[in-house]
Amino acid sequence: MRQNQAFVPTLRDVPSDAEAASHRLLLRAGFIRQNAAGIYSFLPLGKRVLDKVQQIVREEMDRAGAQELLMPAIQPAELWHETGRWELYGPELMRLRDRHEREFALGATGEELITSLAREVNSYKRLPMTLYQIQTKYRDEKRPRFGLLRGREFLMKDAYSFNTSIESLDESYQQMYEAYEKVFTRCGLRFRAVLADSGEMGGKDTQEFMALAEIGEDTIAYSDASSYASNVEMAEVIDFYEKSDEPERERGKIDRTTFENAPASKRLQSRLYAVDDRYVLVVLRGDHSLNEVKFRNALSARKIELVDDKTVEALFNCDTDALGPFHIPDDVKVTADYAVRHLVNGFSGAGETDTYYENVNPERDFSVEAFYDLREIQEGDPSPDGKGTIRFARGIEVGQIFKLGTFYSETMNAHYLDENGKACPMIMGCYGIGVSRTVAAIVEQHHDEDGMIWPLAVAPYQLHLIAVNMKNDAQAETAERLYETLNKSYEVLFDDRKERAGVKFADADLIGLPVRITVGKKAAEGIVELKVRATGEVREVRADEIETVLPELLKSLAGE
């Protein structure tokens with residue numbers, strides 16, 4: 001492609017709200033343009049990268065035995081009503097009505113739609129089966145940010161497996177796990193697969209694939225002595241606490257100031273939650289934070305919500321700050337984190353306005369119906385696998401795999417007939433990759449202060465051919481000859497613009513193609529310059545030897 005004709009509108013300044021490096025660089029280099037908050041156009045260079053990531057995904061999905069289809073982005077509401085998710089999904093689901101007042105959703109995910117199609121499979125002989133699509137998805141994010149990392153419209157690969165047994169599901173899950181490792185490795189990402197929560201998707205077993213990056217919105221908890229890694233939402237805190245041998249003292253009332261000045265590790269914090277159709281008081285140590293995902297999972301709840309101050313006052317006749325595991329109404333269940341069980345002579349709200357207790361001891365002074373692992377893991381905690389201690393890193397979620405089980409097949413009547421003619425629900429798995437998000441994650445890991453540094457497999461072009469001065473006959477002739485020759489075997493962006501050399505080199509660094517070929521002052525001697533963007537390595541070669549040199553150079557960049 002001749003750069004003089006290419007639509008590559010580079011920018012010198014970018015919007016002040018472009019916080020992420022990928023957002024700034026993709027805008028500056030003319031790969032994307034924002035059309036509305038969280039909504040972007042992929043310009044020609046960006047589209048080429050997007051296509052290459054898609055191709056890698058397709059190749060690995062096909063290699064794993066999945067079949068590609070394409071479903072509509074507009075989904076009938078009645079399918080979501082079958083599973084109950086129309087009411088549960090929340091405001092992120094973009095809903096609309098047609099001229100006949102029929103309700104639809106812009107697809108945020110595809111479980112309902114794919115399950116409605118799988119209902120046509122009625123025999124065990126046609127299973128297992130894995131179907132996938134690469135399609136635009138929509139979520140009405142409250143605060144779109146970081147460019148392609150959190151948008152309202154994004155490109156996603158979603159795959160679904162349909163199985164007849166847990167063992168078969170395990171095999172499909174493992175196939176997808178291995179395919180994902182290959183996808184992200186080929187894209188040049190440094191990543192870790194971590195334990196995760198399935199959230200609105202349903203299901204239990206799930207892992208996220210995290211691209212390591214400081215801008216990442218997710219925190220990874222990992223062991224410094226093993227391969228253990230988990231999203232902090234799911235990282236288990238083992239019950240490693242030791243109870244103090246100090247004697248239990250008599251409980252007494254104290255004021256707010258005394259309570260607030262007590263060590264956080266000795267204070268109890270109590271909060272009231274509405275959990276589905278009941279109230280639950282949860283108690284933690286003052287130096288710990290409630291992990292709402294663990295809390296929801298421990299109680300097998302579909303929805304949890306922190307109760308407002310007015311409701312607390314109506315139920316307990318005290319303000320929220322003085323709430324404690326005392327004067328509990330009959331219809332309120334008390335749960336606590338494991339650490340609370342080991343507390344000796346602690347401090348707590350007394351369940352009376354502006355009144356607190358000192359020397360509070362579990363079991364002696366208050367009852368707990370059940371103890372769970374409810375708190376967020378902290379750096380320095382023992383690793384759940386018993387090896388090493390926990391450290392934190394930031395990550396960008398680029399993929400996630402789930403074992404959905406039978407929730408969707410049972411609620412939507414997706415059954416098959418087994419060997420005995422008995423109707424059985426299909427056992428499902430779900431496997432997603434954020435394709436456009438992966439593009440941004442690649443940039444987050446592969447850039448420097450001058451611009452992007454594209455891995456060869458996803459670069460929009462392999463070679464950036466630059467004629468320093470197109471008015472110089474030797475340079476122009478050599479560059480034209482090289483372009484004609486190289487364009488037959490390689491993807492070449494040819495900077496034939498009548499711009500100053502400094503502008504061309506700055507744009508080349510910004511765009512970040514793997515190899516730059518510069519035709520400059522030595523063109524008359526038949527010598528050009530090769531530069532590797534990733535390493536900065538520069539060498540001079542004869543123009544007529546380029547075709548001999550390039551194959552080995554590109555192989556080394558591909559890691560072959």
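**Close-up views of a predicted model**

**View 1. A three-stranded open sheet.** In this predicted model, three strands form an open sheet in the order 13-19-18, with antiparallel pairing. Strand 13 (252–254) and strand 18 (346–352) each have a single partner strand and stand at the edges, so one side of each lacks a neighbour in the sheet. From one strand to the next, the twist averages 40°; axes are lines fitted to C-alpha atoms, and angles run from 0 to 180 degrees between N-to-C directions. Strands (E, at least two residues) and helices (H or I, at least four) are DSSP runs numbered from the N terminus, and two strands pair if DSSP finds at least two bridges between them. Strand 18 and strand 19 (residues 355–360) run antiparallel and are joined by five bridges. F347 has E358 in strand 19 as its bridge partner.

The model is predicted, so local features need pLDDT of at least 70 and side-chain atom pairs count only at pLDDT 80 or more, whereas totals for chains, interfaces and linings use all residues. Residues are numbered from 1 along each chain as its sequence is written, and side-chain values use heavy atoms, with hydrogens and water left out.

**View 2. Strand 15 and its partners.** Six of the eight residues of strand 15 (residues 278–285) are buried, that is, under 20% relative accessible area with a 1.4 Å probe and protein chains only. Strand 14 (residues 268–275) runs antiparallel to strand 15, and eight bridges join the two. L268 stands opposite R285 in strand 15. The two strands, 14 and 15, form a hairpin with two residues between them, and D276 in the turn has a positive phi of about 55°. Strand 15 is also joined to strand 17 (residues 332–337) by five bridges, and this pair runs parallel. Here V280 stands opposite K333 in strand 17.

**View 3. The largest cavity.** A cavity is a set of points on a 1 Å grid over the protein atoms alone where a 1.4 Å probe fits but cannot get out; lining residues have an atom within 4 Å of a point. The largest cavity has a volume of about 60 Å³, the volume being the space filled by probe spheres set on the points, which are joined across faces, edges and corners. Its lining consists of H464, A508, D509, L513, R516, K531, V532 and R533. Helix 14 (501–511) and strand 30 (527–532) each supply at least two residues of this lining.

Key: 1 Å grid on protein atoms, 1.4 Å probe; cavity = no way out; pocket = protein on both sides within 12 Å on 5 of 7 lines; lining within 4 Å. Buried < 20%, exposed > 50% of the residue type's maximum accessible area, 1.4 Å probe, protein only.
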